[in-house]
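Reader: I'm happier with a pipette than with a viewer. Could you walk me through how to read a structure like this?

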Amino acid sequence: MKDDLVERLLGEVIKKMGGSEPQAPAAPTPAPAEAPKALGALSGCGLTEFVGTAIGHTIGLVIANVDPLLHEKMKINPKYRSIGIIGARTGAGPQIFAADEAVKATNSEVVLIELARDTEGGAGHGCLIVFGAEDVSDARRAVEVTLNEVQRTMGDVYGTPAGHLEFQYTARASGALNKAFGAPLGQAFAITVGAPAAIGVMLADTAAKAATVQAVGYASPGNGTSFSNEVIFTFTGDSGAVRQAVIAARDVGKTLLATLDPSEIKSTTTPYI
């Protein structure tokens, strides 16, 4: 009772003095949400030239203004002041087929494709791909498309400690595939890859017999590859026939590779052919 009386008297005094009753302290204002970090920052790279990464230890970079001396040494058309760069330690076919989609989607051209003997100790290749563009936005976009597409084109790549298989298919080849493999522009095109090379020979023969296709190229350890332990067969033709040939080769390849490794032969991502 006494406490209630004291509080009422105190309130009356405060009102007469023109004040206001005490209020509970306001709740602290929540800190603003942290803005999303750029891709480069997330990866620990603050360079503006960095675009991103993808499966296969694939990295994408862009140079807005290439030094004229480098233009000359790389034999790049001077009109392409900007270049996009794709480098990978595992895979070549997946990145090249992905780059082919990038050429279709942007105002860029593939000016260089090289297959490195790498694969982080495996039987195949790594790769270096360079796009040329008059505008840096096209060079960057080409790299972005390639990095995104690699997730798909790795779908029919099967790797084990004993070897690997790779199958790629497109209904319409463009500049990247033409430069890398001599694929006819605008035509259906596919490749089969088998390692060890003995399996690759069988894949090539299986594909050639499975449907009516036209051979474009054949590469072996000492002729056409970077001395990698694989055979690469490339071919073109009617889109249905080319796809049928790839599927037949894939079935045979998985059976053969399984004889060298008892573990299940699994796709790197999700098969797309």
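Reader: Which residues lie nearest the centre of the largest pocket?

Author: Keep in mind that this is a predicted model. As for the general idea, rolling a probe the size of a water molecule over the atoms shows where empty space is left. Here, Thr90, Gly91, Thr119, Val157 and His164 lie nearest the centre of the largest pocket, and they belong to a lining of 30 residues. The volume of that pocket comes to about 460 Å³.

Reader: Which helix and strands each supply at least two residues of that lining?

Author: Helix 4 does, and so do strand 6 (157-160), strand 7 (163-170) and strand 8 (188-195).

Reader: Let's take helix 4, then. Is it largely enclosed or not?

Author: First the general idea: an α-helix has 3.6 residues a turn, so residues three or four places apart point the same way. In this case, helix 4 is largely enclosed by the rest of the structure, because 10 of its 13 residues are buried. Among the buried ones are Ile96, Phe97, Ala98 and Val103. From first C-alpha to last, helix 4 reaches 19 Å, close to the 18 Å expected at 1.5 Å a residue.

Reader: Which strands does helix 4 lie across?

Author: Strands 2, 3, 4 and 5, and helix 4 runs at about 15 degrees to strand 5 (125-133).

Reader: And in what order do the five strands of the open sheet come?

Author: The order is 1-2-3-5-4, with antiparallel pairing. At the edges you'll find strand 1 (50-54) and strand 4 (109-117), each pairing on one side only. Further in, strand 2 (residues 58-63) and strand 3 (residues 82-88) pair over six bridges, and Val62 has Gly84 in strand 3 as its bridge partner.

Definitions and conventions:
Residues are numbered from 1 along each chain as its sequence is written. This is a predicted model: local features need pLDDT of at least 70, side-chain atom pairs count only at pLDDT 80 or more; totals for chains, interfaces and linings use all residues. Side-chain values use heavy atoms; hydrogens and water are left out. Two strands pair if DSSP finds at least two bridges between them. Helices (H or I, at least four residues) and strands (E, at least two) are DSSP runs, numbered from the N terminus. Contact means heavy atoms within 4.5 Å. Axes are lines fitted to C-alpha atoms, for helices over the stretch in contact, and angles run from 0 to 180 degrees between N-to-C directions. The expected span of a helix is 1.5 Å times one less than its number of residues. Buried means under 20% relative accessible area, exposed over 50%, partly exposed in between (1.4 Å probe, protein chains only). On a 1 Å grid over the protein atoms alone, a cavity is a set of points where a 1.4 Å probe fits but cannot get out, and a pocket is an open set with protein on both sides within 12 Å along at least five of seven lines; lining residues have an atom within 4 Å of a point. Grid points are joined across faces, edges and corners, and a volume is the space filled by probe spheres set on the points.
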